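Visitor: Could you walk me through reading a ligand site and a metal site?
Guide: Sure, let's look.

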Amino acid sequence: MILYNSASHKREEFIPNEPGKVSMYTCGPTVYHFAHIGNLRSYIMEDILDRYLRYAGYDVTRVMNITDVGHLSSDADEGEDKMLKGARREHKTVMEIAAYYTDAFFADCEKLHIRRPDIVQPATGCIDEYIHIIETLMEKGYAYFSNGNVYFDTSKLEKYYIFNEQDAEDLAVGVRESVEEDTNKRNKNDFVLWFTKSKFEDQALKWDSPWGVGYPGWHIECSGISMKYLGEHLDIHCGGIDNAFPHHTNEIAQSESYLGHHWCNYWMHVLHLNTADGKMSKSKGEFLTVSLLEEKGYDPMVYRFFCLQSHYRKALVFSWENMDNARIAFDKLIARIASLKPAEGETVDEAAFAEVRQGFVKALDNDVNTSLAITALYDVLKAKTNDATKLALIADYDRVLALGLIDHAKALNDKLAAEEAAKAAAKKAAEEAAAAADPFVAEILQLIEARRAAKKAKDFAEADRIRQYLADKGVTLVDTKDGTTYKID
Ligand code: AMP
Ligand code: ZN
């Protein structure tokens, strides 16, 4: 399998540290608000990688943090704490906000068929681990204490920039969202490992530490949580492209300085989902959430399908028109799958299955190319094989795509069958009503009822008399298990 590694800027053959096993770490959400569908694009594409590795036979352990402390409004440790901002907005405590939006995040993930990582760890649960790493960094001379905060000293590194070669000045400016510069730093890119003194006296969550009561910086949580569960050698680290700098750059700096060796082999970054007028936001304009999509009548699977139609390394533009096009394509696809009807006793042609499946594997082996994988899905519909094989292939691909294809097709067939049945029942009722309006038919129906009553009362002579009376008029009665019907000669 080929993966593009943002750390080497190259497409590389994926070789895990341990044969057959993959350790995978994902930066989780900052739970101060709902996730927007841009955030969820990243999680959908990471989910595809996770599912595909399992499909390919790897034993995957995936870990995700939940950022419930330390993430300031600027990724460069400046501005207001995002969690505090959420708490103030909703007049709740930080922990109430964290619990509410963590649940909301996983509810959205479930709707989008994003598998829950094997281990989900809130950042507030590993304070001791961060303190231990920071102490080691202090001992090794990679960290310093300045005016109440502990900083990582980026000047101690041979190479700090991993994902981009830009000028240090440019990058630092790029991440600052018009907030004051922290004058306690020795170097512009130094970042906070532990805050004790900050402008935020009302910081709700504080812990004791060798440097005083305070709280951890945002970056240290991902290093701490990843190493706690996945050890000193990580196979794959994922996140949205905005995480590459400074967050992932800082994770590498502190993890490798702490460990004294190389840490993570592959970095996967998902490019952003943008709106036509630019960056997706939680505060400006329409706040695009899964719930909003549902309110507007879109099945969340249409959004997943929309994401899978493009490659994760290309920026994607969201518009309602694009969603409508995705919906039309998805509905057509489901209708085509629903029309596959294997004959009685038809079995899967194993040779055809293996041959067609190669197209799908090739697409995903090619740097998780979901756009080609969707093409491979359409190729199944065109393949020269029977419907049983096609349905088996679609179910197989859907272990990775997770679009609920078979369920949606079944639901469509059930809906069509129910509509058919309702139509047939209406037709029958109309025929019966028309017949009952005819005096001769009305008499027949009345006599059928009288005969039924006679039989029930064991008056078989009367029952026979009625049968004969009708026979003389050219009406034959037919007794069935559902009652008596009639034929007029
Ligand atoms: P956050 O909750 O801000 O920590 O972000 C959660 C994840 O969403 C991170 O992996 C971000 O890199 C990613 N992300 C943020 N904005 C976008 C976007 N517009 N498109 C795709 N991914 C995004
Ligand atoms: Zn992270």
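Visitor: How do the residues of the shell around ligand 1 divide into nonpolar, polar and charged?
Guide: This is a predicted model, where local features need pLDDT of at least 70, side-chain atom pairs count only at pLDDT 80 or more, and totals for chains, interfaces and linings use all residues. Residues are numbered from 1 along each chain as written, chains are lettered from A and ligands numbered from 1 in written order, and side-chain values use heavy atoms, without hydrogens and water. The shell has 5 nonpolar, 10 polar and 1 charged residues, with Gly counted as polar.

Visitor: Which polar contacts does ligand 1 make with Ser-42 and Leu-273?
Guide: A polar contact is a pair of N or O atoms within 3.5 Å. The side chain of Ser-42 puts an N or O atom 2.7 Å from a nitrogen of ligand 1, and a backbone N or O atom of Leu-273 sits 2.9 Å from a ligand nitrogen. Taken alone, ligand 1 exposes 490 Å², and the protein buries 93% of that (Shrake-Rupley, 1.4 Å probe).

Visitor: Which residues are the protein donors of the zinc ion?
Guide: Donors are N, O and S atoms within 2.8 Å of the metal (3.2 Å for Na, K and Ca); water is not among the atoms, so sites may look incomplete. Here they are Cys-27 (SG), Cys-222 (SG) and His-247 (NE2), 2.0 to 2.1 Å from the zinc ion (ligand 2).

Visitor: Is His-247 buried or exposed?
Guide: Buried means under 20% relative accessible area, exposed over 50%, partly exposed in between (1.4 Å probe, protein chains only). His-247 is buried, at 0%.

Conventions. Polar contact = N/O pair within 3.5 Å; in protein donor to acceptor, adjacent residues only side chain to side chain.
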